[in-house]
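This report looks at one helix and at one residue in the loop that leads to it. Please keep the sequence and the structure in view while reading.

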Amino acid sequence: MHAHRHVRIAVASALLAGLALGPVAGAAAAQPVGTAPAAAVPDSAGPDVAALEKALVGIPDGDVSAALVRVGGKGSWTGTAGVRDLRTGAPALENARFRAGSTTKVVTAALVLQLVAEGRVELDAPVTRYLPGLLPDSFTEPPTVRHLLTYTSGLRPGANLGSTTEEMYPHRFRTLSPERVVATAVAKGPAFGPGERQQYQNIDYTVLGLLIEKVTGDRYEHRADVRIFRPLGMRHTGFPAGPDPRIHGPHHRAYTDIGGRTTDVTEWNMSDRWAVGNMISTTADLERFLVALFQGRVVPQPLLDQMLTVPKVAEDDNGAAYGMALERYIYNGTEIWGKTGSRPGYHTVLAATRDLSRTVVYSVNAKSAREDGFPLIARFALPAFNR
């Protein structure tokens, strides 16, 4: 039987009531409440509860305002810390919905591989078989579906609304269509030949979203719903309606620093991220998806094996690290497959060992969400794999 432990770390509302959205002066005090009895502490095969609890202490701090962490496998643990709104100091919600960012790519890859399993798409067919007219003559060798899935297509990035959160913020309610993003990308010509090297970027998965729509004759969002979300019981996962900038249902406010001031960035039209990073979900739903995926219930096992295979590339400077959507990472001798997602104010991780002996999903509201995410990963995800 799995050992279960739940910890909630919250800050008294009175401490933060009326807090203006200015620079945070320092970490607020936090007190753990609702800790499970000692008998529920996992044994040596379970997660490192002490390290996981330590990660949540002191939230909200100068960066993180809320954190939801969910650990599964051999022994399970959940932790909730911080506040859902800096103005009111209301405590964080375990079931909060959040912008899941580029973890959306795992759903997109799974949809493509389902079409492969049905014989409607071939992995090594040129993408132009499914999207004729996509590429100009400058592409003498069109990338294949596999190249797109493994970030080895050679496509260049397309149009965007800014490269930093501060640049994007004034345009947060504008709409940039996927078709426009792809058109501006392919007009630049290839950056390198397909398969020559691996370069993580969004454009490959934007094209795959268009491929899914072309092959199925349906909207990408609806295909994700009927093929993955509904069958797996992911009742709190979906996509905004077009340019809707809101997160509907229970959620945390998101913040970042803009012009030296802590700014609320919760409402944002993310439609330009679409099949790349526009999904909204919960930690429980993402855990359900992760487990089902690794059990071969979303993508057939032979294709899952390919999904979790890092390709060989011609120019192997630092070595490829991604399979299809998911990245391979070694920590303390353990192979972990995972994916990060970052949107202004929201940082997400889903990760697991191949045998599901350990899984972790987190959503963190952090001002640093779109910066180097490793400090957040090291704090909230890696402790799950300490043993």
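In this predicted model, twelve of the 14 residues of α7 are buried, so the helix is largely enclosed by the rest of the structure. The buried positions are I203, D204, Y205, T206, V207, L208, G209, L210, L211, I212, V215 and T216. The cover over these buried residues includes α3 (104-117), α4 (145-149), α6, α8 (220-229) and α9 (274-277). As for the length of α7, its 14 residues should span 20 Å at 1.5 Å a residue, which agrees with the 20 Å between its end C-alpha atoms. Just after α7, G217 adopts a positive phi of about 65 degrees.

The loop before this helix deserves its own description. Q198 is placed in the loop between α6 (178-186) and α7 (203-216). Is Q198 buried or exposed? Its relative accessibility is 19%, and because buried means under 20%, Q198 counts as buried.

The side chain of Q198 has polar partners in the backbone of T150 and of Y322, as the table sets out.

| Atom on Q198 | Backbone partner | Distance |
|---|---|---|
| side chain of Q198 | oxygen of T150 | 2.9 Å |
| polar atom of the side chain of Q198 | nitrogen of Y322 | 2.9 Å |

Once neighbours within four places in sequence are left aside, the residues in contact with Q198 are T150, Y151, T152, P311, V313, A320, A321 and Y322. Both backbone partners, T150 and Y322, therefore also appear in this list of contacts, where contact means heavy atoms within 4.5 Å.

Notes
Residues are numbered from 1 along each chain as its sequence is written. This is a predicted model: local features need pLDDT of at least 70, side-chain atom pairs count only at pLDDT 80 or more; totals for chains, interfaces and linings use all residues. Side-chain values use heavy atoms; hydrogens and water are left out. Helices (H or I, at least four residues) and strands (E, at least two) are DSSP runs, numbered from the N terminus. Buried means under 20% relative accessible area, exposed over 50%, partly exposed in between (1.4 Å probe, protein chains only). A polar contact is a pair of N or O atoms within 3.5 Å; within protein, one must be able to donate a hydrogen and the other to accept it, and residues adjacent in sequence count only if both atoms are side-chain atoms. The expected span of a helix is 1.5 Å times one less than its number of residues.
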